[in-house]
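The exercises below are to be worked with the sequence and the structure open. Each task is followed by a solution in steps.

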Amino acid sequence: MSSKPVQESEEHLDAAAPSPNDYIAAAPRISVQAFCESEDAASAVRAAGEDRRLSKAHLTVKMGGMATAIETYHNAPTPNVILLESDGSGDILGGLDDLASVCDPGTRVIVIGNERDDVPYRELVRRGVNDYVVGPVSTIDVVRSICSLFSASEAITVGRVIAVVGAKGGVGASTVAHNVAWAIARNLKLDSVVIDLDLAFGTASLDYNQDPAQGIANAVFQPERPDSAFIDRLLAKCTDHLSLLAAPATLDRVYDFGANAFDAIFDTMRMTTPCIVLDIPHQWSAWTRRAMEGADDILIVAEPDLANLRNAKNILNVLKASRPNDRAPLYCLNQVGLPRRPEISKSSFAKTLESQPVAAIPFDSRLFGTAANNGQMIAEISKNHRTSRLFLEVAQKLTGLGETRKRSSSLLAPLMRKLGSKSA
Ligand SMILES: Nc1ncnc2c1ncn2[C@@H]1O[C@H](COP(=O)(O)OP(=O)(O)OP(=O)(O)O)[C@@H](O)[C@H]1O
Ligand SMILES: [Mg+2]
């Protein structure tokens, strides 16, 4: 056990509108052993082990709390993280002292406390407890507690990944991805990188009027794991805060990838880039599915017709099921109001998809055509155009930045509550 300070756990915010600080970085390849007292905590911990952010971690759960933990480590090496649930009846401090005598120095300890625990908070800190979470805990509490032990200690940027995908081909997913990324960088001042994952036909370099010699292909086809310096050299700078990892858009080779082909690139970029926007081509393959499942947020772009509605529903269902602890994917309608086209209404989309679109972007062939042919963003053509404001709104809803947020109490509230209830 080390004597690192206990971390202040974050306020649990409305799942529909995450705080910019509420993003949880995936944990590295670590071992976690949990010793629970209640079946509820045990199932929360088991479910946490299934979460995408703990997919590299090896997590086991045993019952019996502190007593079983001490007994176990008399004869076995300790893991990277021990998670202990207290049922409020035992002597936590005595137990932690005993555990310390059998624990390796590098092991981190999380205590899931009980309201009946009568333990001064500072005594837990003194015994090297790294995090104390008052039970009953939810799955996401456990995920956050474990992951934060690692992201905070390494002081790295925790970049968030936003995946943008079309419900059908040609609906304008790339156009939306590029304009939203531009708003995130320009208006919200978040350093961002767009990765054009449509290697054969991607248009990001045309849309941003760039002529990059290198890009994503150089990273994905090189045999070694790419480091930050290597990826930096592949980026084309578009604006102060926006860079592009461009697609080659050449057909001299084919672009079939395994599910994990981009993992190392995304992981490396997350360490230096606060916001990574993935322009995902409209296809359903192992690697596109994985890119969506691994993203922090997902935006589905749909035109208002039946095939888009069906496909959006299918994408939403499959991603909601595989990401039970994440905010549901967001969607926006695009090319709304194409003259003479019968369309499915916004309210029918909302009813079938069980959520409102984050925007309904009008069809405007002159505006979008001019932007595409000039290599400009919509906001560069007309900053105050209604469509430019829509892209900014989508950027705000995706990042949680720049929106007026309601906070139930002050930032220090969770810490004050803990200190208040735990101090002798
Ligand atoms: N709201 C809009 N009004 C008019 N034209 C639009 C609108 N949005 C996008 N477009 C145009 O639609 C075309 C297709 O856009 P885009 O390449 O972004 O689609 P996509 O969904 O990424 O296609 P792909 O399936 O090839 O990846 C482009 O010419 C773009 O300028
Ligand atoms: Mg595209």
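## Exercise 1: a strand and its neighbours

Strand β11, helix α12 (residues 306-322) and strand β12 form a β-α-β unit that is right-handed. The model is predicted.

Task: Determine which strands pair with β11 and in what sense, and state whether its residues are buried or exposed.

Solution.

1. Take β6 (residues 160-166) and β11: the two strands run parallel and are joined by five bridges. Within this pairing, V165 has I300 of β11 as its bridge partner.
2. Take β12 (residues 330-336) next. Its pairing with β11 is also in the parallel sense, over four bridges. Here L299 is bridged to L330 of β12.
3. Now check burial. β11 spans residues 297-302, and six of its six residues are buried.
4. Sort the residues by direction. In a regular strand the side chains alternate between the two faces of the sheet. In β11, D297, L299 and V301 point one way, while I298, I300 and A302 point the other way. Both sets are buried.

## Exercise 2: a residue of β6

Task: Describe the surroundings of V164, and say which residues it is in contact with beyond its neighbours within four places in sequence.

Solution.

1. Locate the residue: V164 belongs to strand β6.
2. Apply the cut-off. Buried means under 20% relative accessible area; V164 has 2% and is therefore buried.
3. List the contacts, leaving aside neighbours within four places in sequence: A173, A177, V277, L278, D279, I280, L299 and V301.
4. Pick one of them, V301, for a distance. V164 and V301 are 137 residues apart along the chain, and their C-alpha atoms are separated by 7.3 Å.
5. Set this beside the chain-wide figure: of the contacts with a separation of 6 or more, 80% are between residues 24 or more positions apart.

## Exercise 3: the two sides of a helix

Task: Explain why the buried residues of α2 line one face of the helix, and identify what covers them.

Solution.

1. Collect the buried residues of α2 (residues 65-75): G65, M66, A69, I70, T72 and Y73.
2. Look down the helix axis. The buried residues of α2 fall within an arc of 165 degrees, so they line one face.
3. Recall the general rule: an α-helix has 3.6 residues a turn, so residues three or four places apart point the same way.
4. Turn to the other side of α2, where A67, E71, H74 and N75 are exposed.
5. Find the cover. It includes the strands β1 (31-36), β2 (58-63) and β3 (81-85), together with helix α3 (92-102).
6. Follow α3 in turn. Its buried residues are I92, L93, G95, L96, L99 and V102. They pack against α2, β3, β4 (108-113), α4 (121-126) and β5 (129-134).
7. Inspect the N-terminal end of α3, which D91 caps: a side-chain oxygen of D91 is 3.4 Å from the backbone nitrogen of L93.

## Exercise 4: a serine in a loop

Task: Find the polar contacts of the S86 side chain.

Solution.

1. Place S86 in the loop between β3 and α3. With a relative accessible area of 8%, S86 is buried.
2. Look at the backbone: a polar atom of the S86 side chain lies 3.1 Å from the backbone nitrogen of G88.
3. Look at side chains: S86 and D117 are joined by a polar contact of 2.6 Å.
4. Complete the list. Not counting residues up to four places away in sequence, S86 touches E37, I92, I112, G113, N114 and D117.

## Exercise 5: the ligand

Task: Which residues come nearest to ligand 1, and which atoms of G170, S174 and D364 lie at polar distances from it?

Solution.

1. There are 15 residues around ligand 1, and G170, A173, S174, T175 and N334 come nearest.
2. For G170, a polar backbone atom is 2.8 Å from an oxygen atom of the ligand.
3. For S174, a polar side-chain atom lies 2.7 Å from an oxygen atom of ligand 1.
4. For D364, a backbone N or O atom is 3.0 Å from a nitrogen atom of ligand 1.
5. Link back to Exercise 2: A173 is also among the residues in contact with V164.

Terms used:
Residues numbered from 1 in each chain as written. Chains lettered and ligands numbered in written order. Predicted model: local features only at pLDDT ≥ 70, side-chain atom pairs only at ≥ 80, totals over all residues. Heavy atoms only, no water. Buried < 20%, exposed > 50% of the residue type's maximum accessible area, 1.4 Å probe, protein only. Arc of directions from axis to C-beta. Contact = heavy atoms within 4.5 Å. Pairing = 2+ DSSP bridges. Right-handed = clockwise from strand over helix to strand, strands pointing away. Near = heavy atom within 4 Å. Polar contact = N/O pair within 3.5 Å; in protein donor to acceptor, adjacent residues only side chain to side chain.
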